[in-house]
There are 2 protein chains.
Amino acid sequence: MPKEATIINNNRLIKLLKQNGLSITDSRKKILQLFLEQDGALSHGDIEKRAGEKFDRVTVYRTLQVFVDKGIVHTIPTADNSIRYALCKDECGEGHHHDHHIHFVCDTCNTTYCLDDVVTPEIKLPKGYSAGHVEVVVEGVCKNCQ
Amino acid sequence: MPKEATIINNNRLIKLLKQNGLSITDSRKKILQLFLEQDGALSHGDIEKRAGEKFDRVTVYRTLQVFVDKGIVHTIPTADNSIRYALCKDECGEGHHHDHHIHFVCDTCNTTYCLDDVVTPEIKLPKGYSAGHVEVVVEGVCKNCQ
DNA sequence: TAGAAAAAAGCAACATTGTTGCAAAAGATA
DNA sequence: TATCTTTTGCAACAATGTTGCTTTTTTCTA
């Protein structure tokens, strides 16, 4: 493993946590790193069972909660009762998420992607309903599984 | 309670179950009735704790599974790890769901609605991705809570 | 409509997932 | 480095799903 890359990565992790007013701890760095080195989204279980790392379940729950609160990651609803988490872009911060992109779940490899370039469409609601957040999840076959 | 309405309802329940090749049982009729007399969607917990009825948890799980398999109800993903179930329209059947409508979750009363008249939009995906099903969940304030 | 065969319900035991309080450990601060 | 604050990890618990098996209910057919 390249030592330099690890150091750079470590600085990036620390910077990200500090930016969000969080204290620097091993668990937070390790979990954040999982997200950074990962293309798709992660579920709680993914993180907990991550090879080589033994995270306490409670720590994972609490860390993810903090990350969501601070706008570092956002949640992605799924139809199988397993919330996925993915890194937010810069516009997100404490108390306000701005996730206007759609999510994509691959039927084949089951990876969940944030398609940051695809903006959620305007939805015309029936009279009486007022819209807040719009969540779009597309299920299909991803670029790696075609 | 009007007796006639109950009888009519009962016939409707039996018809619905028979149409889908299911045997007529008390649990199935009661759970199906909950959906019919309900505007929004129901979670597993909603059904299990329904006042006046004591359903065995296993029965509820198995019944919902059968209903989903037969295309009687469909699932609605949520961001809080609690799958909601709602009645399908006629076009759904065994092995194929055709839910092209969007779903709406009210922030205030937390009810989940199927907005059958609002069709899911076309989503333009990046190169390499092919779309199957598109799920849209809008969160906001419903007609009853304005 | 009774009796046999098939299907479903109910129960118990278990597995997984999520929550809470608290003591110990680690991080921040001066 | 000493002290204060925050976070972690543990234990105990609660809630949610799952599985196998026995009993009950439904269906089918004579």
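What share of the atoms of DNA strand D within 4 Å of the protein belong to sugar or phosphate? The share is 63%, and the rest belong to bases.

The structure is a predicted model, in which local features need pLDDT of at least 70 and side-chain atom pairs count only at pLDDT 80 or more, while totals for chains, interfaces and linings use all residues. Residues are numbered from 1 along each chain as its sequence is written, chains are lettered from A and ligands numbered from 1 in the order in which they are written, and side-chain values use heavy atoms, with hydrogens and water left out.

**The two DNA strands**

Around DNA strand D there are 16 residues, of which R62(A), N81(A), I24(B), R57(B) and Y61(B) come nearest; a residue counts as near a strand if one of its heavy atoms lies within 4 Å of it. DNA strand C is likewise surrounded by 16 residues, and the closest are I24(A), R57(A), Y61(A), R62(B) and N81(B). Of the atoms of DNA strand C that come within 4 Å of the protein, sugar and phosphate account for 58%.

The table lists individual polar contacts, a polar contact being a pair of N or O atoms within 3.5 Å, where within protein one must be able to donate a hydrogen and the other to accept it, and residues adjacent in sequence count only if both atoms are side-chain atoms.

| Protein atom | DNA atom | Distance |
|---|---|---|
| I24(A), backbone N or O | phosphate oxygen, strand C | 2.9 Å |
| T25(B), side-chain N or O | phosphate oxygen, strand C | 3.0 Å |
| R62(B), polar side-chain atom | base oxygen, strand C | 2.5 Å |
| T25(A), side-chain N or O | phosphate oxygen, strand D | 2.9 Å |
| T59(A), side-chain N or O | phosphate oxygen, strand D | 2.9 Å |
| R57(B), side-chain N or O | base nitrogen, strand D | 2.4 Å |

Helices (H or I, at least four residues) and strands (E, at least two) are DSSP runs numbered from the N terminus. In these terms, α4(A) gives the most to the surface near DNA strand C, with four residues, whereas α4(B) gives the most to the surface near DNA strand D, also with four residues. The surface near DNA strand C divides into four nonpolar, six polar and six charged residues, where Ala, Val, Leu, Ile, Met, Phe, Trp, Tyr, Cys and Pro count as nonpolar, Asp, Glu, Lys and Arg as charged, and the others, Gly among them, as polar.

**The interface of chains A and B**

Each chain brings 35 residues to the contact, which means heavy atoms within 4.5 Å. The area buried between the chains is about 2800 Å², with 61% given by carbon and sulfur atoms; buried area is the accessible area (1.4 Å probe) that two parts lose on being put together, summed over both. Between chain B and chain A there are 14 residue pairs in polar contact, both residues being at pLDDT 80 or more. On the side of chain B that touches chain A, the largest share, 12 residues, comes from β6(B).

Strand β6 (residues 130-141) of chain A pairs with β6(B) in the antiparallel sense over nine bridges, two strands being paired if DSSP finds at least two bridges between them. Within this pairing, G140(A) stands opposite A131(B).

**A sheet within chain B**

Chain B also holds an open sheet of three strands in the order β1-β3-β2, with antiparallel pairing. Because β1 (42-43) and β2 (73-76) stand at the edges with a single partner strand each, one side of each is left without a neighbour in the sheet. β1(B) and β3 (residues 84-87) of chain B pair over two bridges, and S43(B) stands opposite R84(B) in β3(B).
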